[in-house]
Amino acid sequence: MFGLTTLAAHQLPLGNMLFIIISFLVLMVILKKVAYGPLTKVLDERAAKISSDIDSAEKACQEAEKLAAQRQSELADTRQQATKVVADAKASAQKQSEALLAAASERATLINQQAQTDAEKLKEDAISNAKDDVAALSVAIASKLMQKELSLDDQQALIDAYISDLETK
């Protein structure tokens with residue numbers, strides 16, 4: 001009752017009220033088609049894009065973790081290879097050092113042997129020269145003593161016999 005009296009007090013005709021309600025509903029349909037539909041579509045697209053970006057970021061994070069693990073593995077392998085290369089280089093250097101020392105030792109031994117051989121030859125040459133000098137002196141002394149000249153072959157035979165006697169004693 002209260003509603004009828006208020007309605008009667010304002011004197012709103014039923015036709016106007018019906019027009020306003022239909023206009024409101026038409027306006028709502030138009031708004032839904034023109035504003036709410038595209039706005040909802042934009043919001044849905046934005047939500048889908050955000051979801052896609054989050055998925056992409058998660059994939060990129062997982063990919064980055066995989067790459068980091070792979071890099072760590074490769075780094076460990078590279079360190080192992082570097083350690084092996086250094087160890088091989090040290091071993092090679094040690095072998096070369098030993099080979100050089102052996103070659104130097106062998107060379108020193110050969111030089112020593114050559115020096116001994118040369119010393120023996122010099123000694124023999126000195127003894128031979130001394131024999132010749134002693135023979136010449138002996139001949140000179142003997143010829144002066146005997147006033148007779150001995151031949152060089154006779155002198156050499158005398159000296160060799162004398163030296164042989166000295167060596168056996």
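A residue counts as buried when its relative accessible area is under 20%. Keep that cut-off in mind for the tour of this predicted model.

**Stop 1: the whole chain**

Start with everything shown as a cartoon. You should find three helices and zero strands, running α-α-α along the sequence. Of the 169 residues, just 4% count as buried. The protein exposes about 14,800 Å², and carbon and sulfur atoms supply 64% of that area.

**Stop 2: color by confidence**

Now color by pLDDT. The average is 83, and 83% of the residues score at least 70. Select residues 2-10, helix α1: confidence is lowest here, at a mean of 51. Then switch to helix α2, where the mean is highest, at 88. Helix α2 covers residues 14-146, and the rest of the tour keeps coming back to it.

**Stop 3: a greasy patch**

Select Ile21, Phe24, Leu25, Leu27, Met28, Leu31, Tyr36, Leu39 and Leu43, and turn on the surface. Together these side chains form a nonpolar patch with about 850 Å² of accessible area. Leu25, one of the patch members, is found in helix α2.

**Stop 4: two salt bridges**

How many salt bridges does a search of the whole structure find? There are two, so show side chains as sticks for both pairs.

Pick Lys49 and Asp53 to begin with. Their side chains meet in a salt bridge, 3.2 Å from N to O. What separates the two along the helix? They are four residues apart in helix α2, which means about one helical turn lies between them. Asp53 is partly exposed, because its relative accessible area is 39% and the partly exposed range lies between 20% and 50%. Lys49 counts as partly exposed too, at 46%.

Next, select Arg71 and Glu74. This salt bridge has an N to O distance of 3.5 Å. Both residues lie in helix α2, three residues apart, about one turn of the helix. Is Glu74 buried or partly exposed? At 36% relative accessibility, Glu74 counts as partly exposed. Arg71, at 49%, is also in the partly exposed class.

**Stop 5: Ala135**

Finish by jumping to Ala135, which sits in helix α2. Is Ala135 buried or exposed? Ala135 has a relative accessible area of 4%, so it is buried by the under-20% cut-off.

To see what is around Ala135, leave out residues up to four places away in sequence; the residues it then touches are Gln155, Gln156 and Ile159. Show those three as sticks alongside Ala135. Then add Leu152 and draw a C-alpha to C-alpha distance: Ala135 and Leu152 are 8.7 Å apart in space, with their positions 17 residues apart in sequence.

For a last look, keep Ala135 on screen with the Lys49–Asp53 pair: Ala135 is buried, whereas Asp53 and Lys49 are partly exposed.

Technical notes:
Residues are numbered from 1 along each chain as its sequence is written. This is a predicted model: local features need pLDDT of at least 70, side-chain atom pairs count only at pLDDT 80 or more; totals for chains, interfaces and linings use all residues. Side-chain values use heavy atoms; hydrogens and water are left out. Buried means under 20% relative accessible area, exposed over 50%, partly exposed in between (1.4 Å probe, protein chains only). Contact means heavy atoms within 4.5 Å. Patches are made of residues with over 30% relative accessible area and no salt bridge: like charges are joined within 9 Å, nonpolar side chains (Val, Leu, Ile, Met, Phe, Trp, Tyr) within 5 Å. Accessible areas come from the Shrake-Rupley method with a 1.4 Å probe; for residues, only the protein chains shown count as cover. A salt bridge is a side-chain nitrogen of Lys or Arg within 4 Å of a carboxyl oxygen of Asp or Glu. pLDDT is the predictor's confidence in each residue, from 0 to 100.
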